[in-house]
Amino acid sequence: MVSAMKIIVLFLFTAITSLTVIANENDVSISIGGGQVESEQVSSQALSYSQRLFSNQVLSLPLDIALGVRYTNIQSSKFYIFEDEEYLKPINLQALNLMIDTRVNFKSFLLGFNLDLLGYTKGSSAEINNSDDETDVVSSNFFFFTNDQGTLNSEFWIGKEVKNLLLRGGIAHIVIEYEGDNPGNEKRQRFFNNFFISLGYLF
């Protein structure tokens, strides 16, 4: 999933040969998601604002590009940060990131992908299993193709505009990171997927 996401990002940027400035359109959306990591429930909520700025053609389909900000909240009473060996409890963190949003018009539907680029995360300390220690969330977020840092959210979605509303659903691909190393002597970081639904207002 991580490799696929990065391939899509590369494709979108290499496919953009020229950009046309379009009339500004704003989008405020709220998303609610949920999923499981090693059979433990993880919930996520996001509030985003974006402004469509440019349009282009990709494979003869109209592509819109927007920039914005997204606030993401993630909770789990027990979160496996490394396979099924190390878990943290509880986790409750909030991330605020700059994001890029793209969407393609396909017949009467929209196909979209967005990605957090950089930002800041805060959250409470979490207990580590089989240890008296606690760990804190990594506060700085940065998207990099081979070495993501912090907490980042991205969404693959299909949606439809109904007057001034945007209805969406899809998969949220999320990474979170806490300080220290996991038992595999790697960053205490995990990627996971949540299904989500979203309601947006266009103006």
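Is Val138 buried or exposed? In this predicted model, Val138 is buried, because its relative accessible area is 12% and the limit for a buried residue is under 20%. The residue is found in the loop that runs between β9 (134-135) and β10 (140-142). Setting aside residues up to four places away in sequence, Val138 touches Thr121, Gln149, Gly150, Glu177, Tyr178 and Glu179. Gly123 stands 15 residues from Val138 along the chain, and the C-alpha atoms of the two are separated by 9.0 Å.

One of the residues touched by Val138, Tyr178, leads to the largest nonpolar core. This core has 24 residues, and those touching the most other members are Ile74, Phe79, Ile91, Ile176, Tyr178 and Phe192. At least two residues of the core are supplied by each of β4 (79-82), β5 (86-89), β6 (91-106), β8 (126-128), β12 (165-181) and β13 (187-202). The largest share, 5 residues, comes from β12. As a general matter, nonpolar side chains in soluble globular proteins tend to be buried together.

Phe79 offers a view of the surroundings of one core member. When neighbours within four places in sequence are left aside, Phe79 is in contact with Val37, Val42, Glu86, Tyr87, Leu88, Ile91, Ile176, Arg190 and Phe192. Apart from the largest core lies another core of 10 residues, which include Phe113, Phe143, Leu152 and Val175.

The account now turns to a polar residue, Ser31, in strand β1 (residues 20-37). Ser31 counts as buried because its relative accessibility is 6%, where the limit is under 20%. The side chain of Ser31 is joined to that of Arg168 by a polar contact of 3.4 Å, and to that of Ser198 by a polar contact of 3.2 Å. Beyond its neighbours within four places in sequence, Ser31 is in contact with Ser44, Gln45, Ala46, Glu155, Arg168, Phe196, Ile197 and Ser198.

Two of these partners, Glu155 and Arg168, lead on to the cavities of the model. There are 3 cavities of 30 Å³ or more, and the largest has a volume of about 90 Å³. The largest cavity is lined by 13 residues, of which Ser48, Met99, Asn114, Glu155 and Arg168 are the closest to its centre. β1, β2 (40-58) and β6 each supply at least two residues of this lining. By class, the lining of the largest cavity consists of 2 nonpolar, 5 polar and 6 charged residues.

Key. Residues numbered from 1 in each chain as written. Predicted model: local features only at pLDDT ≥ 70, side-chain atom pairs only at ≥ 80, totals over all residues. Heavy atoms only, no water. Core = buried A, V, L, I, M, F, W, Y, C linked by side-chain atoms within 4.5 Å. Buried < 20%, exposed > 50% of the residue type's maximum accessible area, 1.4 Å probe, protein only. Helix = DSSP H or I, 4+ residues; strand = E, 2+ residues; numbered from the N terminus. Contact = heavy atoms within 4.5 Å. Polar contact = N/O pair within 3.5 Å; in protein donor to acceptor, adjacent residues only side chain to side chain. 1 Å grid on protein atoms, 1.4 Å probe; cavity = no way out; pocket = protein on both sides within 12 Å on 5 of 7 lines; lining within 4 Å. Points joined across faces, edges and corners; volume = space filled by probe spheres on them. Nonpolar A, V, L, I, M, F, W, Y, C, P; charged D, E, K, R; others polar.
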